[in-house]
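The following questions and answers introduce a structure to a reader who has not met it before. Please examine the sequence and the model before reading on.

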Amino acid sequence: MTARMMFVSPAMNSAVREARFDDGASLDPAGARQACAAAYSLPAAERYLYAPAARCRQTAAALGLEARPATDLRDLDVGTWQGRTLDEVTATSPQSVAAWLSDPTAAPHGGESIAALTDRVGGWLDAQGVEAGRVLAVVEPAVIRAAVVHALGLPPAAFWRLDVRPLSLTTLTGRSGRWNLHCGGPLLPAA
């Protein structure tokens with residue numbers, strides 16, 4: 001049995017444009033327009049999901065998906081850093097940022113470590129990979145990176161080496177314990 005897990009990263013919002021840890025900001029007008037334009041380029045699926053963040057929910061709606069929330073696919077909890085830019089945090093706590101970027105088990109912000117995120121998303125992915133079928137989920141880039149790290153058995157440090165662009169599609173096909181990756185491609189508006 002083959003499963004196809006398709007992950008769409010959400011459209012832009014002010015937090016992404018300002019390189020700020022997300023604070024629940026909604027899609028900005030340009031992001032909403034881009035998501036609407038990409039609506040007809042999505043592959044079909046049996047189940048549609050979205051992470052609970054506002055921009056994921058709004059992107060799913062703009063894409064025209066009748067999706068349901070998936071709390072296991074929520075974004076990385078950055079604790080006290082939420083709403084701040086990486087530059088702001090680095091200026092006040094450079095050692096904390098250095099630890100966070102170099103040690104996947106570190107969570108100096110009081111939230112979730114990269115290792116914990118990868119375990120959470122990996123557990124969800126393994127549970128989905130037991131059944132055949134197609135699932136499309138609109139989730140934050142950190143969740144997509146965690147899924148790829150887990151699925152391919154990459155070292156945790158690879159998390160920081162994976163870029164996920166807004167409104168891109170990343171697909172994992174296979175089953176629990178054996179996944180193949182189709183790297184993120186842009187969702188193109190209908191011609």
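Q: Does R17 count as buried, partly exposed or exposed, and what is the reason?
A: The model is a predicted one. Buried means under 20% relative accessible area and exposed means over 50%. R17 has a relative accessibility of 44%, so this residue counts as partly exposed.

Q: With which residue does R17 form a salt bridge?
A: The closest N and O atoms of the pair are 2.4 Å apart, and a salt bridge requires them to be within 4 Å. R17 belongs to helix α1, residues 14–17, while its partner lies 11 residues away in the loop between α1 and α2. That partner is buried, with a relative accessible area of 14%. The residue that pairs with R17 is D28.

Q: Which residues are linked with R20 in a network of salt bridges?
A: R20 counts as buried, at 15% relative accessibility. R20 forms a salt bridge with E18, with the closest N and O atoms 2.9 Å apart, and E18 counts as partly exposed at 47%. The network also takes in D23, so that by the salt-bridge rule the residues linked with R20 are E18 and D23.

Q: Which residue meets the side chain of E112 in a salt bridge?
A: E112 counts as buried at 12% relative accessibility. Its partner counts as buried too, at 13%. The N to O distance between the two side chains is 2.9 Å, and the partner is R120.

Q: How many salt bridges does the model contain?
A: The pairs include R17 with D28, R20 with E18 and E112 with R120. By the rule used here, the count comes to 5.

Q: Why is α7 described as largely enclosed by the rest of the structure?
A: Helix α7 covers residues 141–152. Among its buried residues are P141, A142, V143, I144 and R145. The helix is largely enclosed because the buried residues number 10 of the 12.

Q: How far apart are the end C-alpha atoms of α7?
A: At 1.5 Å a residue, the 12 residues of α7 should span 16 Å. The distance in the model agrees with this expectation, at 17 Å.

Q: What is the nearest side chain of opposite charge to R145?
A: R145 lies in helix α7 and is buried, yet has no salt bridge. Residues that R145 touches include F159, W160, L162 and V164. A salt bridge needs a nitrogen and an oxygen within 4 Å, whereas the nearest side chain of opposite charge is 6.1 Å away; that side chain belongs to D163.

Q: Which helix gives the most to the lining of the largest pocket?
A: The largest pocket has a volume of about 950 Å³. Of its 31 lining residues, the closest to the centre are V16, R20, F21, P141 and R145. α1, α5 and α7 each supply at least two residues of the lining. With 3 residues, the helix that gives the most is α7.

Q: Is L117 buried or exposed?
A: L117 has its place in helix α6, residues 114–128. Its contacts include A142, V143 and A146, which are buried residues of α7. At 0% relative accessibility, L117 counts as buried.

Notes: Residues are numbered from 1 along each chain as its sequence is written. This is a predicted model: local features need pLDDT of at least 70, side-chain atom pairs count only at pLDDT 80 or more; totals for chains, interfaces and linings use all residues. Side-chain values use heavy atoms; hydrogens and water are left out. Helices (H or I, at least four residues) and strands (E, at least two) are DSSP runs, numbered from the N terminus. Buried means under 20% relative accessible area, exposed over 50%, partly exposed in between (1.4 Å probe, protein chains only). Lys and Arg count as positive and Asp and Glu as negative; His and the chain ends are not counted. Contact means heavy atoms within 4.5 Å. The expected span of a helix is 1.5 Å times one less than its number of residues. On a 1 Å grid over the protein atoms alone, a cavity is a set of points where a 1.4 Å probe fits but cannot get out, and a pocket is an open set with protein on both sides within 12 Å along at least five of seven lines; lining residues have an atom within 4 Å of a point. Grid points are joined across faces, edges and corners, and a volume is the space filled by probe spheres set on the points. Lists of a residue's contacts leave out its neighbours within four places in sequence.
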